Structure formats: C-alpha cells, structure tokens
Amino acid sequence: MSVVRAELTKFRSVSSTGWSLLSAVTLIVGFGILYSMVRVTRPPADPAGFDSVGVSLSGVQVAQLAVGVLGVLVMTNEYANGLIRTTFAAVPRRVPVLWGKAVVLAAAVFTLSLPAVFGAFFAGQSVLSAEHLDMSLGQRGAVQAVVGAALYLSVVALLGLGLGAILRRTAGGVAAVIGVLFGPQMLTGFLPTELADDVYRWLPSPAGLAITTARPDSTLLSPWAGFAVFLLYAAIVLALGAWCLRRRDA
Amino acid sequence: MIEAKGLTKRYGDKYAVEDLTFTVRPGVVTGFLGPNGAGKSTTMRMILGLDRPTRGSVTVNGKPYADHRTPLREVGALLEARALHPGRSPYHHLLALAQSNGLPRSRVLDVIDAVGLADVARRRAGRFSLGMEQRLGIATALLGDPRTLILDEPLNGLDTEGIRWVRGLLREQAVQGRTVFLSSHLMTEMAQTADHVVVIGKGRLVADRSLAGLVAESGHSSLEDAFLGLTSDAVEFRPATTTRNGSHR
C-alpha cells in the first residue's frame, strides 16, 4: 500500500503524465465526433448493418497510442537517468514497484477515459442522429461497449508498462507497444485467408477491441472472451517484466 | 556497520571486483578510495542490493540489504546526484521515497531544511546545478534518519562552503555513532574528512586501515602520495609516455 502511495505521488508530480492523459481524452472525443460527421455525409447503403457505437468510439483506436506510450514512460523514465536505483534501494524487493505503478496507471487511465468515452458516445450519437443512424445507451450492448472501451485503454497502458519494464529504454518500449498493438494484424495478410481469419481474432488488439463492439461481429471473439484474452496477454507481459526487474542488475 | 566477505563481481571474463573482504565500522568516517575503474561504484551497488555479486556476500547493519523491510530507516545512500526526474520537484521526489518506506511527511521538510534547499523545494529539478543536485542527494540519504550512510562521490560539484558543510555533517554523523562510508577521488578532501580508509585497485583490496597509519607507514607525507604509491600497479588509465613522477618509461 505504501508503494502505491509513493507511485501515485510520482505519477502526479510530473507534467508529462497529465499531457498524455489529456491528449488521450481529446483524441477519444475529438476523433469520435469527427468520424461521426464523416459518416453522416457518407451514409451507409444498408443502415441496418451500421455500427453507430463503433463509429462514435473510433477515437479509442488512436488514443490507445497515447496511453500505451504513457505506460512505457512510467517505467522507462526512471531508467533514463538512474532514478531506478534510488527507487529499488528504497524498495529492494522491486516487484512491488511494478504493481504499484500498475495500480496507479490503470486507475488513472480508467478514471479519465471513462467520462471521455461516454462523452464521445453521446456526442457521436447526436451527430449521427441527423441521418437517424444513432443508437441509445439503453440498446443492447451499448453500455458494455462504452465501458469496455475504457477498460481496453487501461489494459493497453498496462501492456506498455510491462514492455517498459522488459526493455528499459523509452524508444524501444514505444516501438514495442506500437508493434504489439498494430503489427500482428498486418502479418496475418501473409496467411491463407481462412487461417488469417482464425488467427486474427486471437491477436492482442482485435481480441481486446471485441469488448468495444455493441453488435455481434463474426470476425471477433465474443466481447468478454476477447477481453479475457487481451488481459492474459497483458498479464504475461507484466509477469515477464516483473521477472526481468528481479533478475537483472539495476 | 557494513561487512563484505569475498565480494566478487564478474562481467564476462573480466573481474570488476574480486574477493573483497572488509568491514566498515560505526563511529568513524571511512573513506573508500581507488583509481577510476577500480570497482568502487560496483561495490557500492552490491552493498545496496542493486547488483548481484557473482560470489561472496555483504551485509549492512547485520542483514543483506534486501532483507530490510524499510531500508531507508537503516541505510541512506547517494549513488548518482543526477538520478532525478527533471520535471519533478525535490519535495515530491523526497515525498515519494518517504511514502514508500512509511516515513512521515515532516521528515521531508526536515531534510530539505537541513540541506538548504527550502527556497527551491517546489521547483523542477531539471535546471539544478550539480551542487544543488548533490544537496538533494544528501537529503535523500538522510531521509530515514539511518544508522548507516553510503555516499558515492558526495563532494563532486560542491563549492568550498558546500564541501565544508558536508565534511562537518559526516563528522557529526560519525560522532553520533553512525556508520559513514564515502568514496571520493579528491585526496586532499578525503585526508581532511576520513578517519579510516579502504583502498582498492583493479577490484582488489589494497589497504584497510586508519588514515594516519596508512600515511605514516607509506613513508610519504600526504594521503595523496601514499595513495599513488599503493595503487601504482592498479591504475588502468595513464598517459603512455610518462609515469606519475614524470620520468619516461
């Protein structure tokens, strides 16, 4: 508990965390509204198949970069100048530092992105209502998709944290978080079509994004199963990070 | 009290520290001397549980460092003065450390006052001079009111007044019965600060004795000359054309 308080103090006392979170919130809301406006000017041929929740939450796809990078930085900025030795001298068991950072990071990202995704949803739906493409929050799957978007972003931040702990360098960590979120999907293009579809749903980002869809999507896992798979990926990366912290000289 | 037994650190096939055995006792200021690359910092990192020894062991206040649950109450350390987040203020830097060891907020304010940083306590540390960073590093070491202090080059970057202040502080800590272990490459400063010296060269122990005894026995008149005499075989970097007394090889 004392380590969590210490990590909260560190998290709040540098301005870079605030800027990352602010940019994530801006991207979630701004991109959601923008894309909704685009879709109003180009309405779908078949409105029945239109994913209005997905359109209003499209900013999440962009904002995940900001929170992923924040996750990396929370770890790697201590390695940049040797501060990590002071930190580990104060907490020689080391691994509690990683858990403390994880708790603070996930809580902060969830708390700030939750109002942002709700804002994006309502703003997006009101834009889409011009062409009667909107959906109400009461409709099936809508709440799960919106809250799920905030959960997804929190886990992306944890993924970044774990990669930061493994790689220790900001540049490498940022490259890795981008690679993990976007890379595997591109590689499925090299597979035979049927196999590609089967593999795609199990990849980190597509699995995690399943929870942000309100309507059943045959190319994805079911929402909570997909989220569980994504959590598992993050847990593996964090566990690997914890192992590296314990094993290596600081 | 710091007790190292057969402490060894090997990187690949090169020994940074080899079979070091020494004891740093409470109540005196112990200097840790050695040429550049002799293994001083590696030794200090092993004492603090940051680097894992290849062989041997080291305890602080009777236990391996990592076995202390709130180590800042036992051991205060300064390894690198520049180990700060440039965007964080001294106050928050110290507060986070205090919280991690369950120390009261009042200790943060106490040590900030003690090192004379009260005026800049809420400013970002990124623009601090090396002297200010050293003061913050010393504040960090004093935070938990520890029985043992381990300081790597605490005098670097300090002005004359700062050096005098640190020297007085360390003497006072030793008089109170604490263990004070500091490295420095400034021999004249060390001669005025330390009572006892541990000298290493190329990772091996060269001397572990009182400063006065070391100088007297060496036949030299100063610690600087005695040190150069002891470590002449252990210096790794030296201009190729001359030896230390100026004659050609």
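**Notebook: the contact between chains A and B, and the build of chain B**

I looked first at the contact, which takes 24 residues from chain A and 28 residues from chain B. On chain A, I noted that helix H1 (2-12), helix H2 (15-41) and helix H5 (83-90) each supply at least two residues of the side that touches chain B. I then sorted that side of chain A by class and recorded 10 nonpolar, nine polar and five charged residues.

I note here that this is a predicted model. I looked up its scores and found an ipTM of 0.91 and a pTM of 0.92. For chain B, I read a mean pLDDT of 91, with 94% of its residues at 70 or more.

I turned next to the fold of chain B. I listed eight helices and nine strands in chain B. Its radius of gyration is 18 Å, close to the 18 Å that the globule rule gives for 249 residues, so I entered chain B as being as compact as a globular protein of that length. Along the principal axes, I recorded that the C-alpha atoms of chain B fill a box of roughly 55 × 40 × 35 Å.

I also checked burial, and 48% of the 249 residues of chain B count as buried. Last, I examined how contacts within chain B span the sequence. Among those between residues at least 6 apart in sequence, I found that 69% join residues at least 24 apart.

How values were computed:
Residues numbered from 1 in each chain as written. Chains lettered and ligands numbered in written order. Predicted model: local features only at pLDDT ≥ 70, side-chain atom pairs only at ≥ 80, totals over all residues. Contact = placed C-beta atoms within 7 Å. Helix = DSSP H or I, 4+ residues; strand = E, 2+ residues; numbered from the N terminus. Nonpolar A, V, L, I, M, F, W, Y, C, P; charged D, E, K, R; others polar. pLDDT = per-residue confidence, 0-100. Rg over C-alpha atoms; globule rule 2.2 N^0.38 Å. Buried ≥ 20, exposed ≤ 12 C-beta atoms within 10 Å, placed from the backbone.
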